[in-house]
Amino acid sequence: MKKTIAWWAVLTVATLLTTGCAAETAAERPGGPGGLPAPPAVGNEAGMAAPDADTGAGAEAGSDSGKASASQAPAGDAAAAAYRKWGLKPFPAPPAPPATKPVLRAPGGPVPVISEIPTTEKIVFLTIDDGAEKDPEFVTMMRDLGIPVTMFLTDSAIRGDYAYFAPLVAQGHGVANHTLTHPNLRTLTREAQRREICGQRTKLAERYGTAPRLFRPPYGNWNEATRAAAGECGVDAIVLWRESMQIRNMQYQRGDRKLHPGDIVLAHFRGPSELKGRTMTEMTATMLRRIQEQGFTVARLEDYV
């Protein structure tokens, strides 16, 4: 009997030693138990790794598919922390884009001119014009928040630092056309307008990988010559706006001074000299608060037009 008890004691000790060693080895392995890769600390709602804004990693710039979407923000606690850094609360995820885009240019037809997207969802679309201000903190902010924007870029404003916008493109933000030199197009001939629009289309395609499909005329000024020239330059829609972000508040076109489903919101790449000492990130944070206060979230314009 004593020999049997001693034998079981030896087996028990051996088992404990083996189990403890295995547990210690698993704890020391990179990636956790079993040596499997650890899940990413910060992901997005689709379970995809976040794009690397600093290295410019990602698929073809400016395309509508096959790349990380800026609308896929970090999930859960990571999102809350990212938003808190900028004094904000996380936005709810936008609805899935419609199977058929509600704004389409008919083959051979005139270019649509839009200020809002037809939808009943409580979503708005953010657009940022020109490109004169190049605040590095804004790139960080957009990476942290994962909110989609469409950048309507003017060559005369961006040519001094094309590289600034590359990380924003890599994050999935849209690149759109805002002419070469920001003229009042209504004062130009159709051919001069075509040079402004097509010329910028070519430059943006060379710099960021894909020719832009969307166009915004400077100051919102356009005529039928603009529309014809835009059509010749591969434009699928002329994009105007319903609200514009000023220094501290929205400027509304409608008398009720409220956002409506599908509204397109205009902002600019502006710095302290134009914002009375405020920064681009402060202006953006204020704009996002105004949108949240009215119960809206932000969707990606290129998914709807």
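# Exercises on a predicted model

E243 touches M250, Q251, Y252, R254, K258, L259, D263, I264, V265 and L266, when residues up to four places away in sequence are not counted. The structure used in these exercises is a predicted model.

## Exercise 1: the setting of E243

Task: Determine where E243 lies and whether E243 is buried or exposed.

Solution. Begin with the secondary structure, in which E243 belongs to strand β7, the run of residues 243-245. Next, consider the accessibility: the relative accessible area of E243 is 1%, and because buried means under 20%, E243 counts as buried. Finally, return to the neighbours, which include M250, Y252 and I264 among the residues that E243 touches.

## Exercise 2: the disulfide

Task: Find how many disulfides the whole structure holds, which cysteines are joined, and which hand the S-S torsion gives.

Solution. A search of the whole structure returns 1 disulfide. The cysteines joined by a disulfide are C198 and C233, with an S to S distance of 1.8 Å. The torsion about the S-S bond of C198 and C233 is about -95 degrees, so the disulfide is left-handed. As for position, C198 sits in helix α6 while C233 sits in the loop between α7 and β6, and the pair thus links distant parts of the chain that are 35 residues apart. The last step is accessibility, where both C198 and C233 prove to be buried.

## Exercise 3: helix α7 and its ends

Task: Describe which residues of α7 are buried, what covers them, and which residue caps the N-terminal end.

Solution. Helix α7 spans residues 224-232, and its buried residues are T226, A229, A230 and G231. The cover over these buried residues includes α6 (190-208), β5 (214-215) and β6 (237-239). At the N-terminal end the cap is N223, one of whose side-chain oxygens lies 3.1 Å from the backbone nitrogen of A225. Beyond the other end, just after α7, G234 takes a positive phi of about 75 degrees.

## Exercise 4: positive phi in the loop between β4 and α6

Task: For T179 and H182, state the phi values and the place of each residue in the chain.

Solution. Take T179 to begin with: its phi is near 75 degrees, a positive value in a residue other than glycine. T179 lies in the loop between β4 (174-177) and α6, and with a relative accessibility of 0% T179 counts as buried. Turning to H182, its phi is also positive, at about 65 degrees, although H182 is not a glycine. H182 is likewise placed in the loop between β4 and α6.

## Exercise 5: helix α8

Task: Compare the span of helix α8 with the expected span, and then work out what its buried residues pack against.

Solution. Helix α8 has 14 residues, numbered 280-293, and reaches 20 Å from its first C-alpha to its last, which is close to the 20 Å expected at 1.5 Å a residue. The buried residues are M280, T281, M283, T284, A285, T286, M287, L288 and I291. Their packing partners are β2 (123-130), α3 (136-145), β7, β8 (250-252), β9 (264-268) and β10 (297-298). One of these partners, β7, is the strand that holds E243. Just after α8, G295 takes a positive phi of about 80 degrees.

## Exercise 6: aromatic pairs

Task: Count the aromatic pairs in the whole structure, and explain why the pair of F125 and Y304 ties together parts far along the sequence.

Solution. The search of the whole structure finds 5 aromatic pairs. Among them, F125 and Y304 form an edge-to-face pair, with 5.1 Å centre to centre and 65 degrees between the planes. F125 lies in strand β2 and Y304 in the segment after β10, so the pair ties together parts that are 179 residues apart in sequence. F125 and Y304 are both buried. The rings of F165 and F269 have centres 5.5 Å apart and planes at 85 degrees, so this pair is edge-to-face. Because F165 lies in the loop between α4 (155-158) and α5 (166-170) and F269 in the loop between β9 and α8, this pair ties together parts that are 104 residues apart in sequence. F165 and F269 are both buried, and together with F138 and Y164 they form one aromatic cluster.

Terms used
Residues are numbered from 1 along each chain as its sequence is written. This is a predicted model: local features need pLDDT of at least 70, side-chain atom pairs count only at pLDDT 80 or more; totals for chains, interfaces and linings use all residues. Side-chain values use heavy atoms; hydrogens and water are left out. Buried means under 20% relative accessible area, exposed over 50%, partly exposed in between (1.4 Å probe, protein chains only). Helices (H or I, at least four residues) and strands (E, at least two) are DSSP runs, numbered from the N terminus. Contact means heavy atoms within 4.5 Å. A polar contact is a pair of N or O atoms within 3.5 Å; within protein, one must be able to donate a hydrogen and the other to accept it, and residues adjacent in sequence count only if both atoms are side-chain atoms. A disulfide is a pair of cysteine sulfur atoms within 2.5 Å. The expected span of a helix is 1.5 Å times one less than its number of residues. Rings of Phe, Tyr and Trp (its six-membered ring) pair if their centres lie within 6.5 Å; planes under 30 degrees apart count as stacked, over 60 as edge-to-face and the rest as tilted.
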